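This report goes through one structure part by part. The sequence and model come first, and the notes follow.

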Amino acid sequence: MATLEIRDLRVTVEADNATKEILKGVDLTVKQGETHAIMGPNGSGKSTLAYSLAGHPKYTITGGTVTLDGEDVLEMSVDERARAGLFLAMQYPVEVPGVSVSNFLRTSATAIRGEAPKLRTWVKEVKEAMERLNMDPSFAERNVNEGFSGGEKKRHEILQLELLKPKIAILDETDSGLDVDALRVVSEGVNRVRETGEVGTLLITHYTRILRYIKPDHVHVFAAGRIAESGGPELADKLEAEGYEAYTKGGASA
Amino acid sequence: MAEAQNIPVGSTTAGSIAVAAESTVVSRMSAPPSFDVADFPVPHGREEEWRFTPLERLRGLHDGTAVATEGLKVDVQAPEGVTVATVGRDDVRLGKAGTPVDRVAAQAYSAFEKAGVITVPKETVLTEPIRVAVHGEGGTAFAHQVIELGAFAEAVVVIDHTGDAVLAANVDYILGDGAKLTVVSVQDWDDKAVHVAQHNALIGRDASFKSVVVTFGGDVVRLHPRVTYAGTGGEAELFGLYFTDAGQHQEHRLLVTHNTPHCKSNVVYKGALQGDDAHAVWIGDVLIEAKAEGTDTYEMNRNLVLTDGARVDSVPNLEIETGEIVGAGHASATGRFDDEQLFYLMARGIPEHEARRLVVRGFFAELVQQIGIEDIEERLIARIEEELEASVA
Ligand SMILES: Nc1ncnc2c1ncn2[C@@H]1O[C@H](COP(=O)(O)OP(=O)(O)OP(=O)(O)O)[C@@H](O)[C@H]1O
Ligand SMILES: [Mg+2]
């Protein structure tokens with residue numbers, strides 16, 4: 001069973017000629033089949049955690065370990081992490097001009113699966129996955145994320161999640177910027193992947209709204225660069241009622 | 001009308017749109033156009049038209065010390081119905097499309113012995129391209145080539161430059177009324193070649209001209225494509241693609257003169273640069289004269305800087321002497337290879353070199369698609385891949 005283990009992860013960024021510590025010792029274990037929600041106020045370091053796990057070059061790891069099934073993730077390049085089974089649905093997916101969605105998906109699936117998918121089954125697979133996410137077939141011919149609305153970008157991220165079938169999926173604010181219909185469609189996509197039981201999900205969110213559609217097993221409050229409190233789904237209800245104030249005011253306590 | 005310009009280190013982008021009573025495109029030049037090399041002083045390098053060019057690498061083309069030698073082969077393959085002739089200096093068709101505007105072009109005109117003239121008779125519609133293979137075997141040459149299409153003729157011409165040469169040339173494109181000419185000029189020279197040329201297109205009434213300039217090779221390549229219109233309703237599409245490697249100087253200087261009402265022009269040049277001292281220069285001048293009402297023009301230059309140490313100078317310049325136009329605009333942008341794009345692709349398992357290839361292909365894709373000749377498109381994509389392979393390896 002795939003397990004992602006994060007131990008005492010410390011991360012800095014360079015900003016304005018100064019080194020700033022953003023993650024101050026994050027501990028978390030995500031197992032295949034589990035869903036963890038990470039909730040926290042703006043600027044608490046949620047995206048930093050997600051990007052650091054994916055290997056974004058802007059973030060410097062200064063301490064701690066991350067392993068996937070015992071393998072050292074921090075030693076891997078960005079593409080190796082993806083091929084090892086990590087997937088990051090991004091908060092702000094990037095436009096790639098001149099690269100069509102269909103070319104991108106196929107290149108990606110080829111890399112992840114280690115061989116080019118058979119063309120006939122592949123076309124069908126993509127078409128059906130797009131239909132399930134209410135994506136117009138014309139998206140396949142558009143350039144990656146170019147001119148996509150916020151909601152379309154998020155559907156496109158979940159489309160990739162469904163096609164690439166990672167061991168661990170990190171979803172960074174997949175819910176933000178979505179209207180209620182889009183939220184439902186996207187959540188159904190995530191749930192289809194979860195229901196296979198083969199993915200561990202790290203659902204990063206600011207709002208409790210998405211947790212009505214995607215039921216987490218564990219909820220973690222993220223504040224000031226670390227996990228301030230962990231609990232079951234009931235913790236989300238508490239946050240819903242009380243907000244993050246308790247965690248941002250007096251400093252975090254685990 | 002001018003778009004935002006993002007400028008990384010090692011590049012300049014200076015754009016202007018001037019509404020003027022009189023053009024500065026002409027007055028900026030150090031001498032008026034002339035067929036006689038003696039009318040141009042030897043450039044010292046600070047002149048507007050020479051300031052980006054490494055004169056010391058021109059192998060004497062600019063100062064009269066270059067001497068013609070054997071060692072440049074021109075092979076023309078033309079389908080039936082096309083006349084291919086070699087003519088003397090006194091042929092009336094020479095120099096009809098334009099006059100040399102700088103010393104090297106005038107040197108070429110003053111020094112060539114025989115000129116090539118390719119004629120597609122009126123109403124002849126070719127289904128196969130005319131292929132001109134220019135191959136250098138180390139020689140120095142001064143050349144003149146005319147490609148003339150009669151009224152309503154249609155042709156595609158592919159001019160290939162390969163090998164090693166020092167070449168100064170003028171190329172004239174004369175389009176009769178309603179004619180359609182596509183010219184693909186590929187500069188795929190070896191590393192040492194020096195190629196300086198002026199291209200003059202004279203576009204007949206309702207005629208359309210598409211130029212595709214592709215520069216990969218050479219030590220110095222400096223091309224000067226120019227367009228004027230002989231009647232109303234003419235259209236010019238000037239596409240360019242360059243891939244400037246370490247040490248190469250590739251300069252494309254364009255001038256479209258809207259001297260006739262109701263004509264169109266569309267200029268799109270895109271370049272990628274990689275390696276130390278790769279230098280690309282793009283000058284895009286568009287002049288809309290007072291009488292050219294109903295003009296519709298747009299020019300764009302984009303550069304993708306793949307590595308440190310490369311330099312781009314991009315100068316779009318639009319001069320408008322009449323307000324009675326359909327549209328006029330320009331854009332120039334030079335960007336670094338976008339690490340966020342790279343990250344996104346790699347985060348989907350795509351290895352770095354493949355991700356880079358996707359992005360660069362993507363950068364050129366839209367332009368390549370506009371060429372509209374399949375085997376050329378495929379060849380260009382293959383050639384871009386080769387350039388990238390060489391850099392990634
Ligand atoms: N590349 C960077 N350069 C400078 N500062 C950064 C960088 N990335 C993150 N930060 C800073 O680190 C802190 C955490 O940012 P991060 O994006 O991880 O927060 P977040 O919890 O995802 O917030 P949000 O809810 O707004 O998405 C912020 O103060 C942010 O400004
Ligand atoms: Mg965030």
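## A covered helix in chain B

Strand E6 (130–149), strand E7 (154–175) and strand E9 (194–203) of chain B are among the elements that cover the buried residues of H2(B). The model is a predicted one. Helix H2 of chain B spans residues 103–111, and 7 of its 9 residues are buried, so the helix is largely enclosed by the rest of the structure. The buried residues are Arg103(B), Val104(B), Ala105(B), Ala106(B), Gln107(B), Ala108(B) and Tyr109(B).

At the start of H2(B), the backbone nitrogen of Val104(B) has a side-chain oxygen of Asp102(B) within 3.1 Å.

## Asp313 of chain B

Asp313(B) belongs to strand E17 of chain B, which covers residues 311–320. Is Asp313(B) buried or exposed? With a relative accessible area of 2%, Asp313(B) is buried, because the cut-off for buried is under 20%. The side chain of Asp313(B) is in polar contact with the side chain of His279(B), at 2.7 Å.

Phe142(B) lies 171 residues from Asp313(B) along the chain, and the C-alpha atoms of the two are 28 Å apart.

## The magnesium site in chain A

Two protein atoms serve as donors to the magnesium ion (ligand 2): OG of Ser47(A) and OE1 of Gln91(A), which lie 2.0 to 2.3 Å from the ion. This pair brings together distant parts of the chain, with Ser47(A) in helix H1 of chain A and Gln91(A) in the loop between E6 and E7 of chain A, 44 residues apart. Gln91(A) has a relative accessibility of 13% and therefore counts as buried.

## The interface of chains A and B

The contact involves 33 residues from chain A and 18 residues from chain B. About 1,900 Å² is buried between the two chains, and carbon and sulfur atoms give 68% of that area.

There are 2 salt bridges between chain A and chain B. One of them joins Glu157(A) to Arg348(B), with 2.7 Å between the closest N and O atoms. Polar contacts across the interface amount to 10 residue pairs, with both residues at pLDDT 80 or more. On the side of chain A that touches chain B, at least two residues each come from helix H1 (46–54), helix H2 (78–84), strand E6 (86–89), strand E7 (96–100), helix H3 (101–113) and helix H5 (150–164) of chain A. H3(A) supplies the largest share, 6 residues. By type, the residues on this side of chain A are 19 nonpolar, 9 polar and 5 charged.

Notes: Residues are numbered from 1 along each chain as its sequence is written. Chains are lettered from A and ligands numbered from 1 in the order in which they are written. This is a predicted model: local features need pLDDT of at least 70, side-chain atom pairs count only at pLDDT 80 or more; totals for chains, interfaces and linings use all residues. Side-chain values use heavy atoms; hydrogens and water are left out. Contact means heavy atoms within 4.5 Å. Buried area is the accessible area (1.4 Å probe) that two parts lose on being put together, summed over both. A salt bridge is a side-chain nitrogen of Lys or Arg within 4 Å of a carboxyl oxygen of Asp or Glu. A polar contact is a pair of N or O atoms within 3.5 Å; within protein, one must be able to donate a hydrogen and the other to accept it, and residues adjacent in sequence count only if both atoms are side-chain atoms. Helices (H or I, at least four residues) and strands (E, at least two) are DSSP runs, numbered from the N terminus. Ala, Val, Leu, Ile, Met, Phe, Trp, Tyr, Cys and Pro count as nonpolar, Asp, Glu, Lys and Arg as charged, and the others, Gly among them, as polar. Buried means under 20% relative accessible area, exposed over 50%, partly exposed in between (1.4 Å probe, protein chains only). Donors are N, O and S atoms within 2.8 Å of the metal (3.2 Å for Na, K and Ca); water is not among the atoms, so sites may look incomplete.
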